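Here is a friendly walk through a protein model, meant to be read with the structure open beside you. Keep the viewer at hand and look up each residue as it comes along.

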Amino acid sequence: MGTEIDQDVKIMQTDVLKKDKLTLTPENVDEIIDEGAANSKFLVDIIAENKAIYDLMYFIENAFKNDSISFESLMKYVREFSTKEFYNRELARKIISGRK
């Protein structure tokens with residue numbers, strides 16, 4: 001029994017060391033994140049969505065500055081996407097705190 005555990009530990013250590021040496025790129029993100037860790041992939045999706053919301057807010061602000069959208073539309077978009085971003089951050093915090 002002890003030998004099986006020792007073998008599993010060695011396999012995990014080798015895997016961790018191999019992944020520590022990799023550089024995260026769009027091509028290898030799935031390889032680096034453990035495929036069995038659904039929360040890890042979910043966390044990456046949440047972070048990516050928040051980055052997209054940040055970019056979207058920038059373009060919405062520019063559209064308002066260029067008089068392409070009204071103030072009412074600006075406030076509607078800011079409220080909608082800020083709420084989404086808040087819930088995403090809270091969910092990410094819960095996922096991260098659940099790992100500890």
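What follows goes from the overall fold to the core, then to some buried polar residues, the charged pairs, an aromatic pair and a loop residue.

**Overall fold**

Please keep in mind that this is a predicted model. The chain holds 4 helices and 0 strands, and from the N terminus on its elements run α-α-α-α. Of its 100 residues, 17% count as buried. The chain exposes about 8,300 Å², with carbon and sulfur atoms supplying 57% of that area. Among the contacts with a separation of 6 or more, 50% involve residues 24 or more positions apart.

**The nonpolar core**

Which residues make up the largest nonpolar core? There are 5 residues in all: Ile-53, Met-57, Ile-60, Leu-74 and Phe-81. The elements that give two or more residues to this core are α3 (38-65) and α4 (71-99), and α3 gives the most, with 3 residues. To explore this region, you could start at Ile-60: leaving aside residues up to four places away in sequence, Ile-60 touches Ile-69, Leu-74, Tyr-77 and Phe-81.

**Two buried asparagines**

Asn-50 sits in helix α3, while Asn-88 sits in helix α4. Are they buried or exposed? Asn-50 has a relative accessible area of 12%, so it is buried, since the limit is under 20%. Asn-88 counts as buried too, at 6% relative accessibility. Again without residues up to four places away in sequence, Asn-50 touches Glu-85, Asn-88 and Arg-89. Seen from the other side, Asn-88 touches Ile-46, Glu-49, Asn-50 and Ile-53, with that same exclusion of residues up to four places away. Ile-53, one of these neighbours of Asn-88, is also part of the nonpolar core.

**Salt bridges**

The count comes to 4 salt bridges, and the table includes three of them.

| Salt bridge | Closest N to O distance |
|---|---|
| Glu-49 and Lys-84 | 3.5 Å |
| Lys-65 and Glu-61 | 3.1 Å |
| Glu-90 and Arg-93 | 2.5 Å |

Glu-49 lies in helix α3 and Lys-84 in helix α4, so this pair ties together parts that are 35 residues apart in sequence. Both partners are partly exposed, with Glu-49 at 31% relative accessibility and Lys-84 at 36%. Glu-49 has also appeared above, among the residues that Asn-88 touches.

The other two pairs each stay within one helix. Lys-65 and Glu-61 are 4 residues apart in helix α3, a separation of about one helical turn. Here Lys-65 counts as exposed at 55% relative accessibility, whereas Glu-61 is partly exposed at 39%. Glu-90 and Arg-93 both lie in helix α4, 3 residues apart, or about one turn of the helix. Glu-90 is partly exposed at 26% relative accessibility, and so is Arg-93 at 46%.

**An aromatic pair**

There are 3 aromatic pairs by count. One of them joins Tyr-58 and Phe-59 in an edge-to-face arrangement, 5.3 Å centre to centre with 80° between the planes. Tyr-58 counts as partly exposed at 48% relative accessibility, while Phe-59 is exposed, with a relative accessible area of 58%.

**A loop residue with positive phi**

Finally, have a look at Asp-67, in the loop between α3 and α4. Asp-67 has a positive phi of about 60° although it is not a glycine. With a relative accessible area of 70%, Asp-67 is exposed.

Conventions
Residues are numbered from 1 along each chain as its sequence is written. This is a predicted model: local features need pLDDT of at least 70, side-chain atom pairs count only at pLDDT 80 or more; totals for chains, interfaces and linings use all residues. Side-chain values use heavy atoms; hydrogens and water are left out. Buried means under 20% relative accessible area, exposed over 50%, partly exposed in between (1.4 Å probe, protein chains only). Contact means heavy atoms within 4.5 Å. Accessible areas come from the Shrake-Rupley method with a 1.4 Å probe; for residues, only the protein chains shown count as cover. A nonpolar core is a set of buried Ala, Val, Leu, Ile, Met, Phe, Trp, Tyr and Cys residues joined through side-chain atoms within 4.5 Å. Rings of Phe, Tyr and Trp (its six-membered ring) pair if their centres lie within 6.5 Å; planes under 30 degrees apart count as stacked, over 60 as edge-to-face and the rest as tilted. A salt bridge is a side-chain nitrogen of Lys or Arg within 4 Å of a carboxyl oxygen of Asp or Glu.
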